[in-house]
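Trainee: Could you walk me through how to read a structure like this one, feature by feature?
Mentor: Sure, let's put it on the screen and go.

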Amino acid sequence: MKILVLNAGSSSQKSCLYALDSLPSHPPEPIWKADIDWYAKPDSGLLTVKARGVKQSIPVSASDRILGIECMLKSLVEGETRVLESLAEISIVGHRVVHGGIEYSTAIGIAPEVKETIKALIPLAPNHNPAHIEGIEAIERILGDVPQIAVFDTAFHRSIPPASSLYPIPYEWAEQGIRRYGFHGTSHQYCSRQAADILDRPIESLKTIVAHLGNGASLSAVRGGVCIDTTMGFTPLEGLMMGTRSGSIDPAILIYLQQEWAFTPEKLNTLLNKESGLKGVSGISADMRTVILAMQEGDERSKLAFDMYIHRLKSCLGSMLASLEGLDALVFTAGVGENSAIVRERACQGWDFLGLQLDKEKNESHPVDTDISTAESKVRILVIHTEEDWAIARECWQYAKFSGSL
């Protein structure tokens, strides 16, 4: 069975192809991977393809993304990266979709009404949902009626109870869909399952906090494999301090900026989503690696940005802990969570009263899918490489099996 996965962002299109005869217990390597950076050059994007030990870079149109995706798919059947005789060999296509609203709590086959829902939610995920529609329509145009499924970032968080998922605003607003949705759900679900496997414990017995720390960042509180709280909300802006996003701030600041400085909604949106976080405080970069390097070289604003990031991370960890009323495992994942030893070390400081103890040597040894806590630690600390693409491929397999197309 050939499963194609598309993971679209506002500035990139990532894709991979899995060839499966059965469903393995551990993530296999895809037989083909491709990434399009739509903004690699001022006038064009750049497609990078890896397959059969070959890596190729190909300029693609950035003005017509469907043509760019078509070029990407041609690399499956042409040239040195060819892994298929024909695109007709593709059995099913899975799409990561950031926002599914309250309508969808599981992966679902993409029908016209599903597309309309994704389009209707564009105001809540303006950087992502348009790109998902582009990918879906590109597959329709190129592969015809091949089955497509949507795997929603918000789905894993649909289990959060109303006391956590609703805002303390007029209840009628909630009835109109203004509520906390949560994001990064595919990653949070995958990592909570992997944590149970690594610890060799039933997932039903575990209380876990998953820290998905990338340019976008969120925490989830997972009890028995079910999400009961998270930090992102109505949009991905709520919660932690991030690369370019502010995270949670006093909403009255926005009222003040509108009234006193005449800031427009568009300007506020840009400032909070694109110019805040690590980038806004440090004045240097949204990249944690760059901020840490500048901090170590004595840059005071970079040190402030880092200290704020850790303070807010630990504060939100405390809120997840309160929701769980206990903790068995703390999981770090995504770009910063998987690669920054100093972020993990600082985030783990001050939790001695929980019996949480980090093994510094393990922490600094570039750990992957492993336990980095001491033998005596009452709370296990894990670093897990998130595999969102594989999680989507698994959903495709399960969907095909359930629908009888296997």
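Mentor: We'll take the sheets, then the cores, then some individual residues. Keep in mind that this is a predicted model.

Trainee: Where do I start with a sheet, and what is the strand order in the open sheet of six strands?
Mentor: Start by walking from one edge to the other. Here the order is β11-β10-β9-β12-β14-β13, and the pairing is mixed.

Trainee: Which strands stand at the edges?
Mentor: Look for strands with a single partner. β11 (226-230) and β13 (370-371) fit that, so one side of each has no neighbour in the sheet. For β13, the partner is β14 (residues 380-383), joined to it by two bridges in an antiparallel arrangement. You can find one of these bridges where D371 meets L382 of β14.

Trainee: Which helices pack on the sheet, and what do they touch?
Mentor: Ask two things of each helix: which strands it touches, and how its direction compares with theirs. Helix α11 (residues 300-324) touches β9 (207-213), β10 (217-223), β11 and β12 (329-333), and its direction makes about 20° with that of β10. Helix α13 (residues 341-348) touches β9, β12 and β14, with an angle of about 155° between its direction and that of β12.

Trainee: What about side chains along a strand, where do they point?
Mentor: In a regular strand they alternate between the two faces of the sheet. Keep that in mind as you step along any strand on the screen.

Trainee: On to cores. How many residues are in the largest nonpolar core, and which have the most contacts inside it?
Mentor: There are 47 residues in that core, and L213, Y309, L313 and V343 have the most contacts inside it. Next, see which elements feed the core: β9, β10, α9 (277-282), α10 (288-296), α11, β12, α13 and β14 each supply at least two residues. The top contributor is α11, with 10 residues.

Trainee: What does L213 touch?
Mentor: Set aside its neighbours within four places in sequence, and you get L240, Y309, L313, F332, T333, A334, G335, V336, G337 and V343. There is also a second, separate core of 27 residues, which includes C16, C191, A196 and V210.

Trainee: Is H188 buried or exposed?
Mentor: Relative accessibility settles that one: anything under 20% is called buried. H188 comes out at 0%, so it counts as buried. Its place is in helix α6 (residues 185-199).

Trainee: Which side chain makes a polar contact with H188?
Mentor: That would be S220, at 2.8 Å. Beyond four places in sequence, H188 touches F156, H157, F183, V210, H212, S218, L219 and S220.

Trainee: Now the annotations. Where does UniProt place "binding site"?
Mentor: Treat a record like this as a pointer to places worth inspecting. The unreviewed UniProt entry puts "binding site" at N7 and E388. Those two span 382 residues in sequence, yet their C-alpha atoms are no more than 8.7 Å apart, so they gather at one spot. The "binding site" annotation from the unreviewed entry also covers R96.

Trainee: Which elements hold N7, E388 and R96?
Mentor: N7 lies in strand β1 (residues 2-8), E388 in helix α15 (residues 388-403), and R96 in strand β6 (residues 90-97). N7 is buried at 9% relative accessible area, R96 counts as buried at 13%, and E388 counts as buried at 16%.

Trainee: What do N7, E388 and R96 touch?
Mentor: Leave out residues up to four places away in sequence. N7 then touches S12, Q13, K14, R96, E388 and D389, while E388 touches N7, R96, T186 and S187. The contacts of R96 include N7, H132, D153 and E388. The side chains of R96 and N7 also share a polar contact of 3.2 Å.

Trainee: How many bridges join β1 to β2?
Mentor: Seven, with the strands antiparallel, and β2 covers residues 12-19. One to look up is L4, whose bridge partner in β2 is L17. β2 is also joined to β3 (residues 32-41) by six bridges, again antiparallel. There, K14 has D35 of β3 as its bridge partner.

Conventions
Residues are numbered from 1 along each chain as its sequence is written. This is a predicted model: local features need pLDDT of at least 70, side-chain atom pairs count only at pLDDT 80 or more; totals for chains, interfaces and linings use all residues. Side-chain values use heavy atoms; hydrogens and water are left out. Two strands pair if DSSP finds at least two bridges between them. Helices (H or I, at least four residues) and strands (E, at least two) are DSSP runs, numbered from the N terminus. Contact means heavy atoms within 4.5 Å. Axes are lines fitted to C-alpha atoms, for helices over the stretch in contact, and angles run from 0 to 180 degrees between N-to-C directions. UniProt positions are given in the numbering used here, feature names are shortened, and annotations may be inferred rather than shown by experiment. Buried means under 20% relative accessible area, exposed over 50%, partly exposed in between (1.4 Å probe, protein chains only). A polar contact is a pair of N or O atoms within 3.5 Å; within protein, one must be able to donate a hydrogen and the other to accept it, and residues adjacent in sequence count only if both atoms are side-chain atoms. A nonpolar core is a set of buried Ala, Val, Leu, Ile, Met, Phe, Trp, Tyr and Cys residues joined through side-chain atoms within 4.5 Å.
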